[in-house]
Amino acid sequence: MAGSRLPRRLFLQGVAAGFMFAFASLYSQIPGLYGPEGILPARKTLRPQGKGRWQQLWETPTLLWEAPRLGLDTAQGLELLSLLGALLALGALLLSPLRHPVVYLLLWAAYLSACQVGQVFLYFQWDSLLLETGFLAVLVAPLRPASHRKQAPQGGRAGALPHEDLPFWLVRWLLFRLMFASGVVKLTSRCPAWWGLTALTYHYETQCLPTPAAWFAHHLPVWLHKLSVVATFLIEIAVPPLFFAPIRRLRLAAFYSQVLLQVLIIITGNYNFFNLMTLVLTTALLDDQHLAAEPGHGSRKKTTTSWPKALLATLSLLLELAVYGLLAYGTVHYFGLEVDWQQRTIHSRTTFTFHQFSQWLKTLMLPTVWLGVASLAWELLSALWRWTQVRGWLRKFSAAVKLSLVSTATVALFLISLVPYSYVEPGTHGRLWTGAHRLFGAVEHLQLANSYGLFRRMTGLGGRPEVVLEGSYDGHHWMEIEFMYKPGNLSRPPPVVVPHQPRLDWQMWFAALGPHTHSPWFTSLVLRLLQGKEPVIRLIQSQVARYPFHKQPPTYVRAQRYKYWFSQPGEQGQWWRRQWVEEFFPPVSLGDPTLETLLRQFGLQDKSPPRARSANSTLAQALHWTRTQLSPLEAPALLWGLLVAIGAVRVVQALLAPWSLRSSPLAPASGEKRRPAPHKDSGAASEQATPAPNPCTSSSRTARRKK
């Protein structure tokens, strides 16, 4: 196997980008969601109960316990954490010295702190995925920059420390759990749309925030939608075991299939940083050789190989072809694929039953666990072999200590992850080692391992349910309150807001799936609109002047439930069509007994005053000034601005790289010839801990790496 130095670097950069987008997106919404005048004030979530400081921190792990010491309330502390997290993540994305375990630990702790007070608006699977991935980045990040260590020539593994690849294997295991579980739950849910292969005929118009491309995808032929569902099952269920294949080309094929799926989702839906994080996880399937980590690595002249190597290559090719053939046969057989040449379509149907799938899942789940055990054991043995190549007793001892610590952490996290992974099959869950259950129970609140299962059931089979808020001054003439991102106005095209997540719009989508009593926060939203609270209004319209009641709050507020469908081709100026279904929330006004009863029932009445704080403190004033400067910007514009700035910095870094190389004392003179680095197949790993005997040779290699 080739080295993973460059994939690890891409992974760390991707995690930093994910944290940056998540913090920046959250920051823009804090006043309306969690401020004193927000929908769910954060100060209600942190109530000291007379416990010790460390016990309180362990049971509710959030740094926001310390906000009063800084003269800030909980919402202001959350703003400070989000700002610092976004800046620190931006630094880690651009500067390699900041890709350090301590930096990623701080990012993870800051986001975990936010999730502890985020309540329903931070209960999404991608928030859990970001936390789990961020903690893995703590283990993957090197303690010292790669430039401080001797690297292997031609991108080999000689420069790798014995323990470095172990935590990166956990990234591959997380990707496997995410994709495999997401595919399995679609069938275990017994959803008729998934079983009938018609899910994508509804998905594009019923997803939370579709893009304009979703309208076009929705009008593709039905047979293509059904074939796309078959491809989804193939990519999410059949392909993930190939993540651990011993044949490199199989892993790369699995990589490109996952990338294809995520890119198509990004094009047709606004799923914030979720697809980005999934793409970041796929870096665990790559290697330095594929990414051409060293110049000219992919263009080396072919040399004559011995017959055992040629035989092994032939057997690998035959095995690879057999796997592709098996996947093709299984897809055709289990989904009844038939080509209709006359109509130029492909017919497909599910040829197995729910009972057969359940039995197959019971049979397969435990072997997938053992597949993970075998793959991890191979990584441990490989790391142990690399340790045996270390020279010098002091370096060998240091490497042994690091390898022992990292190996223990890797095995422990793997055992912990088995518990949420086995949720998809209760029989396997009950057969797990009890020690794994105890470990998971001890750290469950830290979200080090989570269960996943995206798009379990397809909603809106009879039309997309949508809640439309309305306000009135007299109770007779009503005006609709239009949101910036979710569907409302029939003539407005779906927006593109990725990587921003408008969390109120997302929760409005969930609220529409049931009665308003299933979404207690909705009553608080109605109350804030009746009170005319500007932070909440800015969640609906960032430019307050566009809000229909910006001059005076409405006297009455109600909500109606509609069903929305994409318009048909040829309907000029219309993206949606809709039909009224029922009243979702009754008309209420301030002091209305119905409203007061609901507020009391859901515990949303909080007459206790906010905790005392110094409103004139320098830190509070700085936060207020920052908010004032950034508030005119819409959140998507802010995040896209960050993207543009990052791209500009990258271009400048690329342009300045040749000049910095020329001025480097390690660069050779203009007329000096470079000495070619000797290529060794065996014993190269022994060079990792020994200093170069010739300083000129070391300088030449360092300069070549920089180029």
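**Note on the predicted model**

1. Backbone after α20. Gly532 follows directly on helix α20 and has a positive phi of about 70°. Helices here are DSSP runs of H or I with at least four residues, strands are E runs of at least two, and both are numbered from the N terminus. This is a predicted model, where local features need pLDDT of at least 70 and side-chain atom pairs count only at pLDDT 80 or more, while totals for chains, interfaces and linings use all residues. Residues are numbered from 1 along each chain as its sequence is written, and side-chain values use heavy atoms, without hydrogens and water.

2. Helix α20 itself. This helix covers residues 521–531, and 10 of its 11 residues are buried, so the rest of the structure largely encloses it. Buried means under 20% relative accessible area, exposed means over 50%, and partly exposed lies in between, with a 1.4 Å probe and protein chains only. Among the buried residues are Trp521, Phe522, Arg528 and Leu530.

3. Strand β3. Residues 464–472 form this strand, and 9 of its 9 residues are buried. In a regular strand the side chains alternate between the two faces of the sheet. Arg464, Glu466, Val468, Glu470 and Ser472 point one way from β3. Pro465, Val467, Leu469 and Gly471 point the other way. Both sets are buried.

4. Partners of β3. Strands count as paired if DSSP finds at least two bridges between them. Strand β5 (residues 556–566) runs antiparallel to β3, with 9 bridges joining them. Within this pairing, Leu469 stands opposite Ala559 in β5. Strand β4 (residues 478–481) is also antiparallel to β3, through 4 bridges. Here Ser472 faces Trp478 in β4. β3 and β4 make a hairpin with 5 residues between them. In that turn, Gly475 has a positive phi of about 85°.

5. Aromatic pairs. The whole structure holds 48 of them. Trp169 and Trp173 form a stacked pair, because their ring centres are 6.0 Å apart and their planes are at 5°. The rings of Phe, Tyr and Trp (its six-membered ring) pair if their centres lie within 6.5 Å; planes under 30 degrees apart are stacked, over 60 edge-to-face, and the rest tilted. Both tryptophans sit in helix α7 (residues 165–188), 4 residues apart, or about one turn of the helix. Trp169 is buried at a relative accessible area of 1%. Trp173 is buried at 1% relative accessibility.

6. A link across the chain. Trp169 also pairs with Phe244, and this pair is tilted, with 6.1 Å centre to centre and 40° between the planes. The two residues are 75 residues apart, so to speak of distant parts of the chain is apt: Trp169 is in helix α7 and Phe244 in the loop between α11 (222–238) and α12 (248–268). Phe244 counts as buried at 10% relative accessibility.

7. Ring cluster and charges over rings. Ring pairs join Trp194, Trp195, Phe233, Tyr334, Phe335, Phe352, Phe354, Phe357 and Trp360 into a cluster. Lys186 lies over the face of Trp194, at 5.2 Å from the ring centre. Lys486 lies over the face of Phe483, at 5.2 Å from the ring centre. The test for a charge over a ring asks for NZ of Lys or CZ of Arg within 6 Å of the ring centre and within 35 degrees of the ring normal.

8. Backbone points to check by eye. Val498 and Pro499 are joined by a cis peptide bond, with omega about 10°. Pro499 is in the loop between β4 and α19 (503–511). Gln119 is not a glycine, yet its phi is positive, about 55°. Gln119 belongs to the loop between α5 (101–118) and α6 (125–140). Leu197, also other than glycine, has a positive phi near 60°. Leu197 is in the loop between α8 (192–195) and α9 (200–206), and is buried at a relative accessible area of 0%.

9. Surface patch. Trp307, Leu311, Leu315, Leu317, Leu318, Leu321 and Tyr324 make a nonpolar patch of about 740 Å². Patch residues have over 30% relative accessible area and no salt bridge; like charges are joined within 9 Å, and nonpolar side chains (Val, Leu, Ile, Met, Phe, Trp, Tyr) within 5 Å. A salt bridge is a side-chain nitrogen of Lys or Arg within 4 Å of a carboxyl oxygen of Asp or Glu. Areas come from the Shrake-Rupley method with a 1.4 Å probe; for residues, only the protein chains shown count as cover. Leu318 lies in helix α14 (residues 307–334) and is exposed, at a relative accessible area of 52%.
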